[in-house]
Amino acid sequence: MFRVLNCFTQEHEFGLVVLAAVFCVIGCLISFQLVVRTRRSTREQKFGWLFLTAVAAGSVIWTTHFLAMLGYEPNITHSYDPSTTLLSWFIAIIASVLALYVALSNMKYSLHVGGALFGAGIGAMHYTGMSAIMVAGTVEYDAVLIAASIVFGMGLGAVAFHFCPQDTRLKSHALPTGLLVLAIVSLHFTGMGAVLIVPDATISVPESLIAKEFLALCITATMVVIVGTGLAAYTIDHSSEQAALAQYRHLALHDTLTELPNRFQATEVIESWIKKAEDSAGNLAIIAIDLNRFKVVNDVYGHSTGDKLLKKIAERLGNNLSGNEFVARVGGDEFLAMVLTKGNESEAIDFARKLVALISTPYEYEDRILSVGASCGVALYPQDGREAEELTLRADLAMYRGKVDPVENIIRYDATMDEQVRKRSELSLALREAIDKDELVLYYQPQTDVKSGDLVGFEALIRWNHPERGVVSPSEFIPILEETGLIVPIGRWVLETACKEAKNWPSHFSIAVNVSPAQIADMDFAKTVHECLINSGLNPKQLELEITESLLMDDYERTLHILRQLKNLGVRIAMDDFGTGYSSLSTLQAFPFDKLKIDRSFIQKLDASEQSATIVRAVISLARSLKIPVLAEGVENIEHLDFLKLENCDQAQGYLISKPLPEYFVKNFVERSGKKLVIDDEIEIEALAKVS
Ligand code: C2E
Ligand code: CA
Ligand code: CA
């Protein structure tokens with residue numbers, strides 16, 4: 001102990017020792033800051049940061065040692081061997097890499113083992129550094145003190161690393177820094193105390209060795225390296241953190257495809273603009289926008305074209321906004337726009353018109369001209385609501401109305417829309433219980449051969465016997481069933497019931513069942529049909545499934561696949577409502593339909609419009625060329641039937657022949673009329689007037 005103290009007080013220049021200590025503290029602090037950064041880095045960056053940290057930490061030990069050495073005055077000629085001095089620096093760095101690698105490896109006691117290794121590294125560096133000193137004398141070492149110095153270094157190193165900081169706050173750095181400084185300093189001075197130099201004039205110190213001044217220069221350079229490393233790391237880290245933050249913020253607030261603001265930002269903006277409108281006593285218009293025919297573009301030209309179109313639309317919208325206007329993309333082909341107005345509804349409508357015009361202007365893309373339309377719903381603050389959510393919901397409601405309105409595509413919200421929504425949700429609740437309460441029934445509408453008048457089969461049509469409202473039409477509740485997904489279980493019930501009923505009929509009568517897109521979308525649909533056939537024992541040839549063109553538009557390939565599965569069961573497929581969809585011809589060519597049902601709107605217009613007659617004629621001849629039988633729906637009078645006879649239409653269905661009939665009438669019908677359907681049956685007409 002005395003030797004150590006003596007060495008410290010007698011043989012060292014105080015000023016330099018203090019400088020070494022101060023630098024050691026700063027260096028250790030920087031090193032721990034870097035350790036924290038290394039811990040936080042990603043796996044890919046980890047080694048880079050670890051190496052940087054090790055260079056700093058190794059250099060700290062080295063600099064502290066040699067600064068103290070500069071202050072070491074053994075009163076004897078001495079100098080430093082350059083290669084060993086350099087080697088000691090390398091040792092310090094390599095030992096630090098190793099120690100930090102272990103310390104940050106997340107194993108049990110890794111921090112302690114790493115800390116001890118770091119201490120051992122200090123020792124290795126120290127004694128290599130010591131062996132670089134050339135003196136005019138012999139150097140002797142005290143083994144006990146050497147061992148003590150290593151124990152200090154390793155022990156205190158392990159304790160210092162135990163308290164390794166978790167964050168960059170200076171407060172959490174104080175203890176580990178203090179301990180690490182103690183590890184370095186105690187090792188150094190104990191190690192120096194272990195040295196005993198016996199002067200020997202016969203030993204000469206070579207002149208080519210490093211002079212003290214040069215060593216001082218090296219030390220200064222290393223100090224600059226450490227501080228520089230710390231500062232550079234901090235700057236890079238800070239600026240990349242800022243950049244990452246800015247990027248995260250941008251991502252969080254923008255739609256990645258179009259770069260327009262996203263729904264999240266839209267919600268923020270609505271809220272802040274509501275305040276603006278309130279302060280300026282003005283209006284805020286929320287406009288929900290949905291593209292029309294975008295799905296067709298996607299289906300026909302593919303998703304990448306769809307994406308490009310969306311980008312172009314977004315670009316147009318984004319480039320044509322003034323300071324009080326805002327547009328966000330809030331869904332696939334849905335946008336939300338806002339405008340602050342001075343309390344004039346027409347300003348909001350004008351803005352919506354501008355947006356629709358921008359969207360609807362055709363786009364040129366790879367020699368193609370693409371065009372889509374848009375429907376808008378407008379809700380105003382404060383008239384239509386005061387909350388952001390309420391206003392967006394109401395704008396959406398109005399927009400849905402715009403989608404089905406044949407004339408106007410920009411609709412202002414009004415309170416009756418809420419009432420309709422309420423009614424719909426009431427209905428949907430009641431529908432959930434309808435099957436269990438036996439409120440659903442099937443009616444059957446006869447289909448006949450046009451030429452002979454023979455009955456050929458029936459179409460099953462669902463009815464809901466509502467306890468209060470009486471018989472509810474399917475056009476009112478099928479959309480609700482489709483929206484809620486209830487169409488899947490109810491559609492299965494329809495299939496089962498219709499198959500069982502048809503099993504009672506002579507085998508040349510067919511049964512047609514309507515199928516919704518949601519049913520086809522169900523992967524198990526073919527299985528369901530198969531089960532219904534097996535359970536009822538119905539011949540698959542008697543079952544005809546009616547699908548609409550819109551169903552084919554949804555997911556063309558998949559639907560075709562399922563239709564083929566159904567055909568393999570032996571079931572027939574009819575295209576319903578032909579002429580009302582988009583892609584009549586191409587779909588007819590793509591799939592071998594067994595029947596084509598001309599939509600009743602064409603038949604009903606036969607009397608009034610020559611154009612309808614032309615269309616019906618064209619459809620019949622088209623179907624004939626494709627060898628597909630045609631059925632005309634909505635045959636209401638004898639003129640319709642005569643026209644169809646003349647045009648060689650195969651089958652007919654409509655009120656002229658019979659309205660849809662409840663089950664007990666069908667039995668009667670089938671039994672009494674046998675094959676032939678008596679159209680002018682007085683009793684029948686009377687009875688039907690009661691049931692339909
Ligand atoms: P749809 O498949 O086109 O069915 C024909 C509709 O035309 C039936 O209306 C029928 O009553 C009506 N109709 C028949 N002949 C005439 C006529 O001469 N003049 C007029 N004006 N109408 C006639 P309904 O029963 O109200 O069914 C409406 C729609 O509801 C059906 O149209 C069909 O799309 C759907 N639907 C009915 N039952 C089911 C079902 O079980 N499942 C599914 N998914 N949809 C069904
Ligand atoms: Ca139908
Ligand atoms: Ca139809």
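Okay, let's start with a contact: aspartate 576 has a polar side-chain atom 3.0 Å from an oxygen atom of ligand 1. Bear in mind that this is a predicted model. Next door, aspartate 577 also puts a polar side-chain atom by an oxygen atom of ligand 1, at 3.3 Å. Then there's glutamine 604, with a side-chain N or O atom 3.3 Å from a nitrogen atom of the ligand. On its own, ligand 1 would expose 790 Å², and the protein buries 86% of that.

So, who makes up the shell? We have 22 residues surrounding ligand 1, and the closest are Gln445, Arg463, Arg600, Glu636 and Tyr655. By class, the shell splits into eight nonpolar, seven polar and seven charged residues. Strand E13, residues 455–466, gives the largest share, with four residues. E13 is one of the elements supplying at least two residues each, along with helix H15 (474–484), strand E17 (572–578) and helix H22 (600–604).

Now back to those aspartates, and the metals. The calcium ion that is ligand 3 has protein donors from Asp576, Asp577 and, listed twice through OE, Glu633, at 2.1 to 2.6 Å. Along the chain, the donor spacing reads D-D-x55-E. The other calcium ion, ligand 2, sits 3.8 Å from ligand 3, and aspartate 576 coordinates both.

One last thing on that pair: are they buried or exposed? Aspartate 576 has a relative accessible area of 6%, which is under the 20% cut-off, so it counts as buried. Aspartate 577 comes out at 22%, so that one is classed as partly exposed. Okay, that's me done.

Terms used. Residues are numbered from 1 along each chain as its sequence is written. Chains are lettered from A and ligands numbered from 1 in the order in which they are written. This is a predicted model: local features need pLDDT of at least 70, side-chain atom pairs count only at pLDDT 80 or more; totals for chains, interfaces and linings use all residues. Side-chain values use heavy atoms; hydrogens and water are left out. A residue is near a molecule or strand if one of its heavy atoms lies within 4 Å of it. A polar contact is a pair of N or O atoms within 3.5 Å; within protein, one must be able to donate a hydrogen and the other to accept it, and residues adjacent in sequence count only if both atoms are side-chain atoms. Accessible areas come from the Shrake-Rupley method with a 1.4 Å probe; for residues, only the protein chains shown count as cover. Ala, Val, Leu, Ile, Met, Phe, Trp, Tyr, Cys and Pro count as nonpolar, Asp, Glu, Lys and Arg as charged, and the others, Gly among them, as polar. Donors are N, O and S atoms within 2.8 Å of the metal (3.2 Å for Na, K and Ca); water is not among the atoms, so sites may look incomplete. Buried means under 20% relative accessible area, exposed over 50%, partly exposed in between (1.4 Å probe, protein chains only).
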